[in-house]
Amino acid sequence: MSGKRLNLLIALITLFAAAMLAFAGCKVGGDTAQDILDKNQMTANVMYYANGDENCKFDNNFKTRNIYFREGSPAIDMKQKGYHGAGDPSNVYVDYSSYILDGWYYVELDDNGNPVFIDNLGKGGELHMHVFTEEELNKTEIPKDGYGNPLVGFDTQSGELVFRSYETINAKSSGERVDFSKKLGADDKWHFVAEWLEDSRVEFVVANEVSVTIDGTTYKKGEVVHRLPFGNANSVSLNSAANQPQAATDATYIQAFADENCTELIERVQKPAGREHVKVYAQYVEGLWSIVKTPLDVTSMFADLSSGSKYYLLNDIDCSANTLAPINGTFNSTIEGNGHVIRNLNFSATGIGMGANVSMLGRLSKEAKINNITFENVNATLETTNNVIVRGVYLVCGGIEEGAQLNGVVFNNVNLTFRDASKQSAIENLCRYTTEVVDGQQKINVIEYVTDNWMFGGLETDAAFMQKYGVTVNGYSLKVKVNRTDTETLVSVGQ
């Protein structure tokens, strides 16, 4: 191990031991913390000032760090968090997100050799230091070590180890870089201050005329709503939820574009060679929405249509790899399709029982809203249990309340295959039937199947539904099969 690393480790171990002694009355075997420093001949010290705002701090959460050294030791060239080399002997670091450590500079000293502070917390070159009261020690915001003890600092004036208050103390830089090749003298007391350069970052600018409120602050078009630092990364993904703007209370972030007209979608940003910022344009939609852009999103949407949620389609989606269950419940939600297409939706259910009302969307309540969307190649295969009367089996919806809104809804090529294994189950909207009691058991006899009310429930015919609600259907097929092997088709209609 190099001499520099050995001295660093000695300093760190000694300081840790001193911290423990402070909580135990500053003595072990008659030795005070000062005794320990004296025995190890650690008479020189360096005070480090992190500067910056409240987000800038050392690994122990303090704004300053006082480290003791032996004569002839070099001072620690403390690193920034995340920029440690593989051989660093400790986890001592300074942390300041969105900024890069430019280096350490000597602090400007006054005529008396005391550091010059750029705030009002330093008095006469001495830091604010005091012993916490019992009441103060009970405060959770006081930084603690791994044992729950308050972190400490050494008061060189009193020669005693005391608890240091957690305060912002910024020192003034002399403008001269620290020469870390210099060795400390026995009585040297150096003061170093960190200088920072603002790191490259991605700036998200509101792209459209939408009010965006985050943590009580409202942002308008052209204003920066989110800043994303690159840190050590050469690029950042804008598709990662962790890298996107924080959720707003009145709008939903959609996606980012390279241009303010939102024509060039951008998903990953490369870190520039310099420290300039990269501007991207954040598209928002008014209100709170769940974004739908993948087949998994479509599956989640159909599983939650009774919740009253709002779904916003971002692109065309192919769901050919998914098989969904039809809905036997109420549709209370909003789907905004934005002119996009959901393709190859497959629905399947067996064992449909007494009184069920199943369909792709369920029963549309007065709260239901479906706008500007095309469903293409919708296939449903539904099968009842034996000898039951089912309320309704529909392809699209099983009913509709006044007040439901459908606008620009198009179906291209929809197909329903209904299976009745024994021709002894009645579907109220699909067949005419009679019932009789045979040997004490109800028997259902299907007289005929009808073909004018199998896509939409709530009106007498599908044609009447489409005319009233402006729904377009291009190409359709209905097959009713009476056994599981599909060898017999009782009725088949199509366009």
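A strand here is a DSSP run of E with at least two residues, numbered from the N terminus. The exercises below concern a predicted model.

**Exercise 1. Place Asp 318 in the fold and decide whether Asp 318 is buried, partly exposed or exposed.**

Solution.
- Step 1: Asp 318 belongs to strand 23, which covers residues 317-318.
- Step 2: The relative accessible area of Asp 318 is 42%. Buried means under 20% and exposed means over 50%, with partly exposed in between.
- Step 3: Asp 318 is therefore partly exposed.

**Exercise 2. List the contacts of Asp 318 beyond four places in sequence, then its polar contacts.**

Solution.
- Step 1: With neighbours within four places left aside, Asp 318 is in contact with Pro 295, Arg 343 and Asn 344.
- Step 2: With Asn 344 there is a polar contact of 2.9 Å between the two side chains.
- Step 3: The Asp 318 side chain also reaches the backbone nitrogen of Ser 320, at 2.9 Å.
- Step 4: For a C-alpha distance, take Val 341: this residue is 23 residues from Asp 318 in sequence and 8.3 Å from it in space.

**Exercise 3. Classify Asn 357 by accessibility and describe its surroundings.**

Solution.
- Step 1: Asn 357 is located in strand 26 (residues 357-358).
- Step 2: Its relative accessibility is 4%, so Asn 357 counts as buried.
- Step 3: Not counting residues up to four places away in sequence, Asn 357 touches Ile 327, Asn 328, Gly 329, Arg 363, Arg 391, Gly 392, Tyr 394 and Gly 398.
- Step 4: With Gly 398 there is a polar contact, in which the side chain of Asn 357 reaches the backbone oxygen at 3.3 Å.

**Exercise 4. Count the aromatic pairs, then classify Trp 289 with Tyr 312 and Phe 418 with Tyr 449.**

Solution.
- Step 1: Ring centres must lie within 6.5 Å to pair. The count comes to 19 aromatic pairs.
- Step 2: For Trp 289 and Tyr 312, the centres are 5.5 Å apart and the planes stand at 75°, so this pair is edge-to-face.
- Step 3: Trp 289 sits in the loop between strand 20 (278-286) and strand 21 (290-292), and Tyr 312 in strand 22 (residues 310-313), so the pair ties together parts 23 residues apart in sequence. Trp 289 and Tyr 312 are both buried.
- Step 4: For Phe 418 and Tyr 449, the centres are 6.3 Å apart and the planes are at 55°, so this pair is tilted.
- Step 5: Phe 418 lies in strand 32 (residues 405-419) and Tyr 449 in strand 35 (residues 441-449); the pair links distant parts of the chain, 31 residues apart. Phe 418 and Tyr 449 are both buried.
- Step 6: One aromatic cluster is formed by Tyr 48, Phe 58, Trp 104, Tyr 106, Phe 180, Trp 190 and Phe 192.

**Exercise 5. Describe the second largest pocket by volume and lining.**

Solution.
- Step 1: The volume of the second largest pocket is about 400 Å³.
- Step 2: Its lining has 21 residues, and those nearest the centre are Gln 244, Tyr 253, Ile 254, Gln 255 and Lys 293.
- Step 3: Strand 18 (residues 251-257) gives the most to this lining, with six residues.
- Step 4: By class, the lining has 14 nonpolar, five polar and two charged residues.

**Exercise 6. Summarise the chain as a whole.**

Solution.
- Step 1: The chain has five helices and 37 strands.
- Step 2: Of its 495 residues, 46% count as buried.
- Step 3: Among contacts with a separation of 6 or more, 70% are between residues 24 or more positions apart.

Terms used. Residues are numbered from 1 along each chain as its sequence is written. This is a predicted model: local features need pLDDT of at least 70, side-chain atom pairs count only at pLDDT 80 or more; totals for chains, interfaces and linings use all residues. Side-chain values use heavy atoms; hydrogens and water are left out. On a 1 Å grid over the protein atoms alone, a cavity is a set of points where a 1.4 Å probe fits but cannot get out, and a pocket is an open set with protein on both sides within 12 Å along at least five of seven lines; lining residues have an atom within 4 Å of a point. Grid points are joined across faces, edges and corners, and a volume is the space filled by probe spheres set on the points. Helices (H or I, at least four residues) and strands (E, at least two) are DSSP runs, numbered from the N terminus. Ala, Val, Leu, Ile, Met, Phe, Trp, Tyr, Cys and Pro count as nonpolar, Asp, Glu, Lys and Arg as charged, and the others, Gly among them, as polar. Rings of Phe, Tyr and Trp (its six-membered ring) pair if their centres lie within 6.5 Å; planes under 30 degrees apart count as stacked, over 60 as edge-to-face and the rest as tilted. Buried means under 20% relative accessible area, exposed over 50%, partly exposed in between (1.4 Å probe, protein chains only). A polar contact is a pair of N or O atoms within 3.5 Å; within protein, one must be able to donate a hydrogen and the other to accept it, and residues adjacent in sequence count only if both atoms are side-chain atoms. Contact means heavy atoms within 4.5 Å.
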